[in-house]
Amino acid sequence: MGAVPRSALQLTAEEMREAGYRTVDMLVRHLTDEEAPPIRRATVGAMQELLGRAAAEEPTPFAEVLAGLEGDVLPYRARGDHPGFFAFISYCGTWPGALGDFIASAANVYASSWMESAGPSQVELEVLGWFKEWIGYPASATGILVSGGSAANMTALACAREALVGPMSDDLVAYVPDQAHSSLARAARVLGFRPDQVRVLPVGQGFRLDPATLQRAITADRTAGRRPLFVSVSGGSTNTGSVDPLAEIAAVCREEGVWLHVDAAYGAFAALTERGREALVGLELADSVTLDPHKWLYQAYECGCVLVRNGTLLRRAFEITPDYLLDAVPGEEEVNFSDLGMQLSRTSHAIKVWTSIRTFGVAAFRDAIDRSIDQALLAQRLIEESVTLEITSPAQLGVVCFSRRFEEAEGEHESDAMHEELIAALERSGIAFISSTRLRGRFSMRMCIMNFTTRDEDVAATIDFLANEPVARHPSPPPAVFEPHVALERGWLGRPRVSADELRLLPLFSDLDDQQVGRVLAASSERTCVKGDAIVVEGDGSRELYIVLEGEAAITRGGEPVATLGAGEPIGEIAALEWGAGFGYARTASATAASAVRALVIPAGRVDELVREIPALGERLRAIARSRLHRP
Ligand SMILES: Cc1ncc(COP(=O)(O)O)c(C=O)c1O
């Protein structure tokens with residue numbers, strides 16, 4: 001087969017070898033180029049200029065195609081394997097792994113049915129067996145390799161729903177901490193959960209979800225007649241590397257009959273090390289786990305994995321056998337991976353994992369992960385020793401967050417702008433590439449150290465640059481600040497409707513123009529409550545925004561008093577605002593009328609519209625939400 005070409009699409013054996021050798025030579029040149037920066041950006045125009053052309057009818061010599069890839073394509077990208085690549089989640093593949101991928105691709109493995117793929121299927125079972133052992137799962141668990149963490153999270157949510165209830169329904173509720181990866185919000189959206197069926201729960205100390213917060217949310221939903229279904233917590237959150245208290249959360253879920261998923265996309269492989277195992281204690285109790293070998297197991301993109309503790313559930317959720325696949329129905333002990341996930345046709349992601357792990361041995365992977373954990377601790381120590389930097393979240397797994405004290409900056413706005421400039425200057429220097437995030441609403445620099453090419457000196461040079469590089473000031477007008485309790489000294493009680501002038505007396509709306517005030521009024525209605533009325537209930541999924549016009553409301557969390565809110569102050573803005581990916585928080589506190597209360601009510605959905613149309617209003621509401629969200 002293939003010795004004598006039968007089609008223009010076939011090469012001779014000699015041509016195949018020649019093209020292959022050339023490709024390897026080009027890649028080795030590319031991958032060993034010590035001068036390459038951690039990222040090289042380009043404009044759309046520049047890329048179109050280099051690459052934009054119609055597909056030619058006539059052939060192009062392979063050497064020319066390859067030269068185009070080497071000169072015009074591959075240089076313009078981030079280099080996850082650069083020793084100073086500390087942005088987002090690092091990605092750094094191994095050469096044997098890449099060759100494994102090449103083998104799967106060149107052999108064009110169809111890793112879907114046992115009948116057509118006994119060898120690759122067994123390799124996948126082997127790899128899954130290793131992963132199960134590493135995270136403490138029983139051999140009876142099942143799993144599948146997928147494209148990445150997003151696909152794994154979606155597979156887990158679909159499996160949980162099928163296992164516990166079957167079809168989608170309006171009363172099901174899923175719970176995630178506010179540090180959860182956005183792929184969970186997307187998974188919920190795709191699987192038919194409306195925003196009010198996803199409770200985003202505020203984390204507590206150390207960016208970890210307090211089990212009591214989860215318990216309260218579940219209880220509130222049960223009391224309201226809803227069905228708590230699925231909890232996903234972090235086994236290494238993207239922002240800070242925080243691991244939620246898995247064992248305690250597992251106890252809550254077991255008691256409540258709720259499915260526990262742990263998104264340990266990058267964190268799971270830390271279980272190979274002693275420190276990682278300690279951090280992830282309780283991971284083995286989850287009903288399902290996401291692990292991404294293309295993150296901290298140094299596999300080439302794409303490679304994700306979902307494991308499900310009860311081995312029969314994944315198949316029950318996904319198995320489907322149309323007439324045209326009856327020939328490939330698996331025998332008693334055989335596995336058709338197409339029955340365990342969303343894809344029918346699929347490549348073998350397992351071959352690269354198997355190839356690289358067998359080539360280097362597990363100890364080499366363990367040592368590399370251990371070294372990253374050490375380097376994150378080194379970064380933390382250097383930050384703590386610096387007079388200009390401060391830790392915003394200490395080293396957890398491979399992630400450390402910090403900021404610089406820009407004392408000359410006037411306010412948060414300017415300090416944020418100076419941080420952005422500092423990060424850009426680091427990128428321009430070619431030393432390293434880091435990214436940023438927001439922790440409790442505050443700008444933070446973030447280093448993710450997971451790359452086996454990183455040396456201690458790369459970490460030290462990066463911290464040194466960030467601590468000492470001069471940054472020019474970026475004066476910018478601060479956003480208007482909300483001052484609560486600016487007196488609203490008008491007797492409004494009994495008035496049928498708030499007027500535009502009256503609305504402007506409220507600090508939230510004080511500098512809105514006539515048109516904007518008109519929009520707020522058109523979007524809102526009024527509600528009056530008698531003393532003792534519940535305005536919002538903690539844990540509830542309602543999302544209206546209230547602004548107190550008259551009277552006072554008592555705010556409690558977990559039954560404990562937190563604040564009293566009076567005229568002009570918003571209630572419920574945390575749940576009313578969209579926090580990304582289309583989802584918002586459940587009510588984080590209860591508000592009860594402490595006297596007769598009159599309030600303006602802006603319905604769920606309209607708040608997002610108003611905030612988009614009136615950015616100043618959005619900024620004020622977000623500033624208030626931020627300060628209240630993390631109120632001790
Ligand atoms: C914790 C976590 N979960 C899920 C994902 C999504 O994974 P993927 O990008 O492989 O879809 C990420 C990606 O960074 C992550 O950090």
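Mentor: Domain bounds here come from an automatic or database domain assignment. This is a predicted model, in which local features need pLDDT of at least 70, side-chain atom pairs count only at pLDDT 80 or more, and totals for chains, interfaces and linings use all residues. Residues are numbered from 1 along each chain as its sequence is written.

Trainee: What distance separates the centres of domain 1 and domain 3?

Mentor: The chain is divided into domain 1 (14-50 + 60-77), domain 2 (364-468) and domain 3 (500-629). Taken over C-alpha atoms, the centres of domain 1 and domain 3 are separated by 55 Å.

Trainee: What is the radius of gyration of the chain, and why does it count as compact as a globular protein of that length?

Mentor: The chain has 20 helices and 19 strands (DSSP runs, H or I of at least four residues for helices, E of at least two for strands, numbered from the N terminus). The globule rule, 2.2 Å times the number of residues to the power 0.38, is compared with a radius taken over C-alpha atoms. For 632 residues the rule gives 26 Å, and the chain is close to that, so it is as compact as a globular protein of that length, with a radius of gyration of 28 Å.

Trainee: Which residues surround the ligand?

Mentor: A residue counts as near the ligand if its C-beta atom, placed from the backbone, lies within 6 Å of it. The shell divides into three nonpolar (Ala, Val, Leu, Ile, Met, Phe, Trp, Tyr, Cys and Pro), two charged (Asp, Glu, Lys and Arg) and seven polar residues (the others, Gly among them). The surrounding residues are Ile89, Gly148, Gly149, Ser150, His181, Ser183, Thr238, Asp263, Ala265, Tyr266, Asp292 and Gly304.

Trainee: Is Leu397 buried or exposed?

Mentor: Leu397 lies in the loop between β8 (389-396) and β9 (399-404), and has a positive phi of about 50° although it is not a glycine. A residue is buried if 20 or more other C-beta atoms, placed from the backbone, lie within 10 Å of its own, exposed if 12 or fewer, and partly exposed in between. With 30 other C-beta atoms within 10 Å, Leu397 is buried.

Trainee: Is Asn108 buried or exposed?

Mentor: Asn108 is in the loop between α4 (95-106) and α5 (118-135), and its phi is positive, about 50°. Because 7 other C-beta atoms are within 10 Å, Asn108 is exposed.

Trainee: What is the omega of the peptide bond from Tyr301 to Glu302?

Mentor: Most peptide bonds are trans. Glu302 sits in the loop between β6 (288-291) and β7 (304-308). The bond from Tyr301 to Glu302 is cis, with omega near -5°.
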